[in-house]
Amino acid sequence: MLKIAVSACLLGEPIRYDKTGQRDRFITDKLGKYASFIPFCPEHLAFGTPRETIRIVLDNEHKKVITVFSKNDVTQAMNEAVEHELHKIQNEAICGIILKSKSPSCGLGSAKYYSDAMSEGKKDGLFAFTCKAHFEDFPIEEEARLLDPWLRENFVMQLFAYEEAMQLQHNIQTMQELVSFHTAYKFLLQSKHEANYRLLGKIVANHEKKSLHVVTHDYLALFKKTIAYKGSIGKTVNVLQHLVGFFKKELTSAEKQDLHIQIEAFRDEIVPLIAVMNTIEFLAKKYEVHYLLGQKFLNPYPKDLALRSTIQEGK
Ligand code: SF4
């Protein structure tokens, strides 16, 4: 089960300034099948609900929090609430954070900043900024960006991989477990960042004979960085061709041709990735290519999330 910290309003809690919520069905209904949520709301903690709206005002690079109508400076109360909510989520074994867009607290690059009455553009809200500073190479997104199928697929893949990395970190006993982990993630890592994928292979090979603790630490630090990269159609096609290379000899010429046509159709954004993956999985089962069947790249998260089922998922 994943554990994800989420802006409380996205879970439907009536906690926004006007006592409404903004439930996000993808989070609650789809991810909710596989995740428990740690809700947070720095504004509710600082000011209660309902409350006056606030805005971030830049004063010589200093961020002040000002109430919109009564013009009170509530920076200190807000900063204390941000710290409190940060500690709350830091004390949980979370594998991701989902923030509410456009909020002066939670917006991830979408919070409006002001100086006097002038707009200073959009940046990270106060809580989002603090989360980014404290959670390095961590799955963090805001719900509005997750409407993009490509970002959504990348984020969910990262969430599940991050959770498995955390489990490995806590439970690892032998070098073989690290080798098996890397073996299962090989193609997924390659689809994210080829150079890092090769470096990770070198770390696991451990020619310097480092201790299990040191190797695992080095490996997972780079693993977390690597899964934070976004995939692309080009990189995915490379990996697909690589996969096919593993059982090319077993395939009939009709199967070979069919796979080739499907991969090209995926590259041309005619068919979604799931179609190609299903064919590869079917053939890997038929020819008992167990090495491929164990690859996370084929099944990085539960199938019913259906994130590879649209053409827009590829970019
Ligand atoms: S956006 Fe953040 S601060 Fe605003 S109601 Fe939602 S959780 Fe609270």
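The legends below describe three close-up views of a predicted model.

**View 1. The largest nonpolar core, centred on the surroundings of Ile-89.** The largest nonpolar core has 88 residues, and those with the most contacts inside it are Ile-89, Ile-97, Phe-223 and Leu-240. Helix H5, which covers residues 149-171, supplies the largest share of this core, with 10 residues. Because domain 1 (2-147) and domain 2 (148-315) both give residues to this core, it lies between them. When residues up to four places away in sequence are not counted, Ile-89 touches Ala-5, Ile-38, Phe-40, Ile-94, Ile-97, Phe-127, Cys-131 and Phe-135.

**View 2. Gly-12 in the loop between strand E1 and helix H1.** The loop that holds Gly-12 runs between strand E1 (2-7) and helix H1 (25-30), and Gly-12 is partly exposed there, with a relative accessible area of 32%. Leaving out residues up to four places away in sequence, Gly-12 touches Gly-21, Gln-22 and Arg-23. Gly-12 and Arg-25 are 13 residues apart in sequence, and their C-alpha atoms are 9.3 Å apart in space.

**View 3. The packing of helix H9 against helix H10.** Helix H9 (residues 233-245) and helix H10 (residues 253-267) pack with their axes 10 Å apart and at an angle of about 170 degrees, which means that H9 is roughly antiparallel to H10. From H9, the residues Ile-233, Thr-236, Val-237, Leu-240, Gln-241 and Val-244 meet Leu-259, Ile-263, Glu-264, Phe-266 and Arg-267 of H10. Sorted by character, the residues of this contact between H9 and H10 comprise seven nonpolar, two polar and two charged.

Key
Residues are numbered from 1 along each chain as its sequence is written. This is a predicted model: local features need pLDDT of at least 70, side-chain atom pairs count only at pLDDT 80 or more; totals for chains, interfaces and linings use all residues. Side-chain values use heavy atoms; hydrogens and water are left out. A nonpolar core is a set of buried Ala, Val, Leu, Ile, Met, Phe, Trp, Tyr and Cys residues joined through side-chain atoms within 4.5 Å. Buried means under 20% relative accessible area, exposed over 50%, partly exposed in between (1.4 Å probe, protein chains only). Helices (H or I, at least four residues) and strands (E, at least two) are DSSP runs, numbered from the N terminus. Domain bounds come from an automatic or database domain assignment. Contact means heavy atoms within 4.5 Å. Axes are lines fitted to C-alpha atoms, for helices over the stretch in contact, and angles run from 0 to 180 degrees between N-to-C directions. Angles under 35 degrees count as roughly parallel, over 145 as roughly antiparallel, 65 to 115 as roughly perpendicular and the rest as oblique. Ala, Val, Leu, Ile, Met, Phe, Trp, Tyr, Cys and Pro count as nonpolar, Asp, Glu, Lys and Arg as charged, and the others, Gly among them, as polar.
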